[in-house]
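Work through these exercises with the sequence and the model open. Try each task before reading its solution.

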Amino acid sequence: MEERTDIKSLLPEELQSFMKKLGEKPFRGKQIFDWLHHRQVESFDEMTNLSKDLREKLKEHCVLTVLKPVQILTSSIDGTQKFLFALEDGNVIESVLMKYHHGNSACISTQVGCRMGCRFCASTIDGMVRNLTPSEMAEEIYAIQRNSGAPVSNIVLMGSGEPLDNYDHVMKFMDLITHEQGANISGRNLTLSTCGLVPQIQRLAAEKRQITLAISLHAPDDETRRSLMPIANQYSIAEVLDACEEYFEKTGRRISFEYSLVAGVNDTREEAKKLAGLLKGRNCHINLIPVNPVKEREYRRSDRKSVEDFQRILKEMGLNATIRREMGADINGACGQLRKSYQEYNKKKEGEQ
Ligand code: SAH
C-alpha cells in the first residue's frame with residue numbers, strides 16, 4: 001500500500017503539486033493550506049469549499065495530524081497552562097502556554113524525549129524516542145490555541161528535545177508557521193534554543209532567518225560545562241561562541257545565552273566574572289534561570305541572593321542580564337517532568353491490573 005501523505009507538513013506549493021498528482025486543480029492546494037494553517041480545522045469535513053468527493057479522496061490518501069490533550073494543568077497564580085498531548089503513535093509530549101502583557105507565548109517540544117543527556121534536565125532521562133514531524137510541531141501551537149482560546153504570538157523551541165538534532169523538520173515547521181497564508185507568525189517572534197551543535201548553528205546562520213538563537217551555555221569554562229552537558233565534550237565554548245559570532249554577522253540578530261544557576265556548581269561570583277569576561281563586547285543577552293530541581297537528579301537551585309549577585313556582577317561588567325521570571329510555580333516541573341510522571345502513573349496502573 002502506498003504511504004499516506006502527512007498533509008499538514010506541506011507548504012502551499014507542495015500542496016499544489018500534490019493536488020495535481022491526485023488529478024485535482026492546483027488551486028485546491030491553497031484552499032487546503034488555508035483550512036489547515038490559517039483556520040486550523042480538525043477534520044477534512046470542515047473544509048466546506050471542497051467537494052465531498054475530494055474530501056473523501058483526502059481521507060483516503062492523507063494523514064491529518066491533530067493533537068488531543070490528555071491532561072491540561074492551569075496555574076492559579078498566573079494562568080500558565082501545561083498541555084500533555086497524545087500523538088498518533090501513543091507517545092505523549094508537553095507544551096506550555098505562558099501569558100504575558102505583550103502577548104502569549106508557546107513553549108513547544110521538538111522531539112519525543114532527547115538524547116543530549118544534560119544532567120539537570122528531565123527530558124533526557126529515558127533518551128530520545130523519535131523526532132517530531134513539522135505537522136506535529138505546528139499542531140502543538142494550533143491545539144494550544146483551540147483548547148485555550150488564547151492566540152499565540154510568540155514561540156520558543158524550549159520544550160523537550162534538541163531542535164538542531166531534528167534540523168530539517170524544525171526548519172520546515174518554521175516555514176509553515178511563518179507562512180503569510182497560514183498562521184503568519186513573524187520569524188522575529190520565534191526563538192530556537194540549542195545546547196550548542198556547532199555545525200548546525202553554522203548551517204542555520206547561512207539560512208539567514210530572522211529568528212532569535214538562544215544558546216544553553218550554563219558554565220563559563222569547558223570543565224564545568226562538561227560536568228553538566230555531555231555535548232561540551234564535542235564542542236568547546238570557544239567553538240560555540242565562534243559559531244554565534246557567525247550567526248550574528250550573517251543575520252544581525254542578537255544572541256541570547258541561557259545560564260541555569262545550580263547551587264555550588266556554576267553560581268559563584270568568580271564564575272559570574274568569568275562569564276562576563278567571556279561575553280564582554282558581544283551583542284548578546286543573558287537569561288539567568290534558577291535551575292528547576294528534577295526529582296531524579298541531585299541538583300539544587302541557587303538561592304535568591306546568589307542569583308541576584310550573579311546578575312549584578314554581569315551588569316556591572318556591562319552585560320545585559322535578566323533573571324527569568326518563574327511562570328506557573330504551582331504547576332511547576334521542569335520540561336519533561338509532566339510527561340515522565342504520566343508515564344510512571346500509567347506503568348503503575350498497568351502493574352495493578
Ligand atoms: N535542547 C535545547 C532546548 C530545550 S531546553 C537546549 O538545550 O537549549 C530549554 C532550556 O531549559 C535549556 O537552556 C535547558 O538547558 C534548560 N533546562 C533544562 N532543564 C532545566 C532545569 N531542570 N532547570 C532549568 N533549566 C533547565
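Helices (H or I, at least four residues) and strands (E, at least two) are DSSP runs, numbered from the N terminus. This is a predicted model, in which local features need pLDDT of at least 70, side-chain atom pairs count only at pLDDT 80 or more, and totals for chains, interfaces and linings use all residues. Residues are numbered from 1 along each chain as its sequence is written, and side-chain values use heavy atoms, with hydrogens and water left out.

**Exercise 1. Place two residues with positive phi.**

Find the loops that hold asparagine 184 and lysine 208, and classify their exposure.

Solution.
- Step 1. Asparagine 184 sits in the loop between H5 and E10. Its phi is positive, about 55°, although asparagine 184 is not a glycine.
- Step 2. Apply the accessibility classes: buried means under 20% relative accessible area, exposed over 50%, and partly exposed in between (1.4 Å probe, protein chains only). Asparagine 184 has 47%, so it counts as partly exposed.
- Step 3. Lysine 208 belongs to the loop between helix H6 (198-207) and strand E11 (212-216). Lysine 208 is not a glycine either, yet its phi is about 50°.
- Step 4. At 53% relative accessibility, lysine 208 counts as exposed.

**Exercise 2. Check the length and setting of H4.**

Compare the expected span of H4 with the distance between its end C-alpha atoms.

Solution.
- Step 1. The expected span of a helix is 1.5 Å times one less than its number of residues.
- Step 2. H4 covers residues 134-148, which is 15 residues, so it should span 21 Å. Its end C-alpha atoms lie 22 Å apart, which agrees.
- Step 3. Look for a bend, the angle between axes fitted to the seven residues ending at a residue and the seven starting there. H4 has a kink of about 25° centred on glutamate 140.
- Step 4. Count the buried residues. They number 12 of 15, so H4 is largely enclosed by the rest of the structure. Among them are Pro134, Met137, Glu140 and Gln145.
- Step 5. Go just past H4. Glycine 149 takes a positive phi of about 75° there.

**Exercise 3. Describe the ligand's surroundings.**

How many residues surround the ligand, and which are the closest?

Solution.
- Step 1. A residue is near the ligand if one of its heavy atoms lies within 4 Å of it. By this rule 19 residues surround the ligand, and the closest are Gly161, Ser193, Ser216, His218 and Asn292.
- Step 2. Look at backbone N or O atoms. One of asparagine 292 is 2.8 Å from a ligand nitrogen atom. For glycine 161, the distance to a ligand nitrogen is 3.0 Å. Phenylalanine 120 also has a backbone N or O atom 3.0 Å from a nitrogen of the ligand.
- Step 3. Assess the cover. On its own the ligand has 530 Å² of accessible area (Shrake-Rupley method, 1.4 Å probe). The protein covers 93% of this area.
- Step 4. Find the contributing elements. Strand E10 (190-194) and strand E12 (255-261) are those that give two or more residues to the shell.

**Exercise 4. Relate sequence separation to distance.**

What C-alpha separation do tyrosine 167 and glutamine 200 have?

Solution.
- Step 1. Tyrosine 167 is in helix H5 (residues 167-178). Tyrosine 167 is buried, at 6% relative accessible area.
- Step 2. Glutamine 200 is 33 residues from tyrosine 167 along the chain, and their C-alpha atoms are 7.6 Å apart.
- Step 3. Now take glutamate 24 and glutamate 246. They are 222 residues apart in sequence and 45 Å apart in space, C-alpha to C-alpha.

Terms used: Polar contact = N/O pair within 3.5 Å; in protein donor to acceptor, adjacent residues only side chain to side chain.
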